[in-house]
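This report covers two topics: the ligand site and the cysteines. Begin with the contacts around the ligand.

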Amino acid sequence: MKNIHDFYTLSNGVRIPCIAFGTYKAAQEDNVKTIQLAIEAGYRYFDTASFYDTERVLGEAIKQSGIPREEFFVVSKVWKTEMGYENTKRAFKQSLERLQMEYLDGYLIHWPKPYPEAEDWKELDRETWRAMEELYLEGKIRTIGLSNFLPQHIEPLLQKCQIQPMMNQLEIHPGYSQTAAVQYCKEKGMILQAWSPIGRGRVLQDELIVELAKKYGVTPARICLRYLVQNGIIPLPKSSSLERMKENQNVFSFALSKEDMYRLETMPQTGWSGEYPDRERITE
Ligand SMILES: NC(=O)c1ccc[n+]([C@@H]2O[C@H](COP(=O)([O-])OP(=O)(O)OC[C@H]3O[C@@H](n4cnc5c(N)ncnc54)[C@H](OP(=O)(O)O)[C@@H]3O)[C@@H](O)[C@H]2O)c1
């Protein structure tokens, strides 16, 4: 990968840019400014979700940019309360309306379970997926995938699905590498996206990250993002400043050594959000 417009090719041949802009908490109400800045900074792949309340401003900013819709890669997600066949179809339609778009580049199931004790989650995933498969076959979504699905959630879906998920979005950053899930998804031909790629700022003070930032002459955030890019994972950094938006794209001018990649991969857990699909949120 040489710049943010370089891409991976998904299992159905669709090209996906190698770095995205995360929109969670990136905009409030009708304030399109942050998204406009991100477009100005060069981002074309935007990650949103019905849950984030940023679809409307994202759609507005893209429209106002005057840049053709086809140049963007827009991914949204069906929320926990929107799961199931009919609900998913309705939720998708509402997302398109908020985004003022005719199609989505990616649509994901946000979480495998509406709540950790849900007994019917496998059936709910299948029904949600069935709706997404149909929307995909109708040409309304270019790629379909998952978010926060661990191997134990993906296996039952794979046994019943018609179309295999093309991607999975997980919390991944140094200090929370999720190696088993990453390995599994890669073996299944799924492209990974990393949410909270800099651990929402929580990992930037870690001693290893600080040491490597000094060694490579870059910022701690760039170490985190480079680690992901070098691992073939798409980071989705969010920032509200143009300067940091640009910094977060500046990860192609250096490479981490093999040894340093292993150090980052095996470092003690740090910066984890506490979110885990099979448990209530874990707080320290
Ligand atoms: N699928 C899911 O369940 C899920 C869950 C969470 C998030 N996501 C997606 O992932 C995206 C990113 O995750 P996130 O927003 O949780 O966390 P993140 O991108 O790891 O961190 C964002 C935080 O880091 C700061 N920051 C950004 N760049 C920086 C830099 N270069 N140096 C220092 N600080 C920097 C930002 O502050 P400033 O804004 O002030 O720059 C912000 O406070 C979300 O926006 C969303 O699209 C998905």
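## Polar contacts to the ligand

In this predicted model, an N or O atom in the side chain of Tyr 52 sits 3.2 Å from a nitrogen atom of the ligand. Gln 169 also faces a ligand nitrogen: one of its polar side-chain atoms is 2.9 Å away. Gly 199 makes its contact through the backbone. There, an N or O atom is 3.5 Å from an oxygen atom of the ligand.

How much of the ligand does the protein cover? On its own, the ligand has 900 Å² of accessible area, and the protein covers 86% of that.

## The pocket and its shell

The ligand takes up the space of the largest pocket. Around the ligand are 27 residues. Those that come nearest are Asp 47, Ser 196, Arg 200, Ser 239 and Arg 244.

What is the make-up of this shell? It divides into 10 nonpolar, 11 polar and 6 charged residues.

## Cysteines without partners

A disulfide is a covalent bond between the sulfur atoms of two cysteines. A search of the whole structure turns up 0 of them. Cys 185 is in no disulfide, and the nearest cysteine sulfur, in Cys 161, is 13 Å away. The cut-off for a pair is 2.5 Å.

Why does Cys 224 have no bond to Cys 18? Cys 18 holds the closest cysteine sulfur, but it is 17 Å from the sulfur of Cys 224, which is too far for a bond.

Are these two cysteines, Cys 185 and Cys 224, buried or exposed? Cys 185 has 0% relative accessibility, so it counts as buried. Cys 224 counts as buried because its relative accessibility is 0%.

Note on methods
Residues numbered from 1 in each chain as written. Predicted model: local features only at pLDDT ≥ 70, side-chain atom pairs only at ≥ 80, totals over all residues. Heavy atoms only, no water. Buried < 20%, exposed > 50% of the residue type's maximum accessible area, 1.4 Å probe, protein only. Near = heavy atom within 4 Å. Polar contact = N/O pair within 3.5 Å; in protein donor to acceptor, adjacent residues only side chain to side chain. Areas by Shrake-Rupley, 256 points an atom, 1.4 Å probe, with all protein chains shown as cover. 1 Å grid on protein atoms, 1.4 Å probe; cavity = no way out; pocket = protein on both sides within 12 Å on 5 of 7 lines; lining within 4 Å. Sits in = over half its atoms within 2 Å of the grid points. Nonpolar A, V, L, I, M, F, W, Y, C, P; charged D, E, K, R; others polar.
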